[in-house]
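Good morning, and thank you for joining. I would like to take the group through one model, beginning with the cysteines and ending with the aromatic rings.

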Amino acid sequence: MAVSLLVNSPFRLIGIKSWSKGCVGAVAKRCCSSSPVSTPPPPPSPLKTRAVVFLSKYFNDVEWLVERTSAFRSWMQKFSYYGSTLGLYGDNMIATFYILRLGGSVRFAGHSEWFRQDSRGRISKNMLKMVELPVDGVDASGTLIDYDGLDYLVSQSGLRTLSLSGCPKVDGWFLSRLYVFRDSLEELNLSGCPNVTEGALASLHHLRNLRRLELSLPASSNPGLVRILLEEVLPDCHVAGIEYNQGLRHTDPQGTETDAERDTASHRDALTHRDTSTH
């Protein structure tokens with residue numbers, strides 16, 4: 001009787017509902033507790049946000065700054081190397097080591113032998129015996145010598161021979177600085193230098209003792225005229241690599257010589273007569 005009353009009693013329904021809710025809550029709580037709780041990532045700090053915006057806005061400027069910083073480090077390393085060399089050997093060896101590291105060769109005053117590094121970067125022991133001698137010949141053909149590189153050569157006031165054939169960084173600024181060798185330089189080779197122009201050659205008028213100048217001006221429309229002007233400015237210098245008639249051999253419609261060609265021929269005859277009378 002009591003059992004039937006309990007079963008049929010409305011309290012039974014209330015108890016069942018309460019029990020079912022408790023089970024569901026317990027299961028849900030167990031499931032939540034067994035899995036890791038995912039928390040949203042923290043928002044970026046205002047400083048990082050501003051830094052990212054700055055880098056994206058001034059990317060090219062930052063890239064340039066990084067490149068300049070790297071170049072400055074490289075320059076400092078090179079400066080420290082040559083600074084230690086200066087302390088050990090002096091100006092003559094600084095000029096020598098600089099040219100050798102570029103892949104060129106040097107000659108010392110009073111000697112005919114040219115010294116260069118071998119395939120392993122080693123130098124001759126005989127060269128170290130000449131540390132007291134000045135450098136009177138430099139062959140930097142095909143190297144990357146540039147305007148700043150002349151800092152290591154300006155101390156060589158007795159430099160007589162300088163070959164810069166095929167050097168891509170030799171330009172008008174470079175040639176303008178050769179005036180420091182105006183009393184000593186006798187031979188200069190500028191053939192195959194792509195950045196040597198007609199206007200750049202005007203700075204060579206300082207080289208009063210120059211005896212031989214080798215050129216090639218493929219971009220010039222009148223290389224013969226350039227040779228004439230150079231020999232007017234440097235009367236004791238022989239200009240090689242350019243013929244008088246290059247760019248000046250033109251004829252008029254009647255097939256006769258133009259004034260430019262006649263002037264070139266007369267100038268050539270005058271130079272020949274001058275050389276003959278000199279000898």
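A disulfide, as the term is used here, is a pair of cysteine sulfur atoms within 2.5 Å. With that cut-off in mind, consider C193. Its sulfur is 5.4 Å from the closest cysteine sulfur, which belongs to C167, and that is too far for a bond. The count of disulfides by this rule is 0. C193 is nevertheless buried, with a relative accessible area of 4%. For C237 the relative accessible area is likewise given as 4%, and C237 is buried.

Please keep in mind throughout that this is a predicted model. The protein chain averages a pLDDT of 74, and 57% of the residues score at least 70. Two stretches call for caution. Over residues 23–33 the pLDDT is below 50, and this stretch makes 0 contacts in the model beyond near neighbours in sequence. Over residues 270–279 the pLDDT stays under 50 as well, and here the model has 3 contacts beyond four places in sequence. Where pLDDT is low, the predicted coordinates should not be read in detail.

Let me turn to the overall architecture. The protein chain contains 9 helices and 7 strands. It has 279 residues, of which 30% count as buried. Among contacts in the protein chain with a separation of 6 or more, 60% join residues 24 or more positions apart.

I now come to individual sites, and I start with N92. This residue lies in helix α5, and at 16% relative accessibility it counts as buried. What does the side chain of N92 meet? A polar atom of that side chain lies 3.2 Å from the backbone oxygen of L133. Setting aside residues up to four places away in sequence, N92 touches V131, E132, L133, P134, V135 and Q156.

One of those partners, V131, deserves a word of its own. V131 is found in the loop between α6 (125–128) and β3, and it too counts as buried, at 16% relative accessibility. V131 and N92 are 39 residues apart along the chain, while their C-alpha atoms are separated by 6.6 Å.

The next site is S184, in the loop between α7 (172–176) and β5 (187–189). Is S184 buried or exposed? S184 is buried, with a relative accessible area of 9%. Its side chain reaches the backbone oxygen of L159 at 2.7 Å. Not counting residues up to four places away in sequence, S184 touches S157, G158, L159, R160 and N209.

Q117 offers another loop position, between β2 (114–115) and α6. At 27% relative accessibility, Q117 counts as partly exposed. Leaving aside neighbours within four places in sequence, Q117 is in contact with L100, R101, R122 and I123. Q117 and L102 are 15 residues apart in sequence, and their C-alpha atoms are 9.7 Å apart in space.

Finally, the aromatic residues. A pair of aromatic rings is described by the distance of the centres and the angle of the planes. The structure holds 2 aromatic pairs. In one of them, the rings of Y98 and Y152 have their centres 4.6 Å apart and their planes at 35°, so the pair is tilted. Which parts of the chain does this pair tie together? Y98 lies in helix α5 (residues 91–102), whereas Y152 lies in the loop between β3 (135–139) and β4 (161–163), so the pair joins parts that are 54 residues apart in sequence. Y98 counts as buried at 5% relative accessibility, and Y152 is buried with a relative accessible area of 15%.

Tyrosine rings also meet charged groups in this model. The charged end of R177 sits over the ring of Y147, 5.0 Å from its centre. The charged end of R227 sits over the ring of Y244, 4.0 Å from its centre.

To draw two threads together: helix α5 holds N92, and helix α5 also holds Y98. From this helix, N92 touches residues that include V131 and L133, and Y98 pairs with Y152 in the loop between β3 and β4. I am happy to take questions.

Technical notes: Residues are numbered from 1 along each chain as its sequence is written. This is a predicted model: local features need pLDDT of at least 70, side-chain atom pairs count only at pLDDT 80 or more; totals for chains, interfaces and linings use all residues. Side-chain values use heavy atoms; hydrogens and water are left out. Rings of Phe, Tyr and Trp (its six-membered ring) pair if their centres lie within 6.5 Å; planes under 30 degrees apart count as stacked, over 60 as edge-to-face and the rest as tilted. Helices (H or I, at least four residues) and strands (E, at least two) are DSSP runs, numbered from the N terminus. Buried means under 20% relative accessible area, exposed over 50%, partly exposed in between (1.4 Å probe, protein chains only). A charge sits over a ring if NZ of Lys or CZ of Arg is within 6 Å of the ring centre and within 35 degrees of the ring normal. A polar contact is a pair of N or O atoms within 3.5 Å; within protein, one must be able to donate a hydrogen and the other to accept it, and residues adjacent in sequence count only if both atoms are side-chain atoms. Contact means heavy atoms within 4.5 Å. pLDDT is the predictor's confidence in each residue, from 0 to 100.
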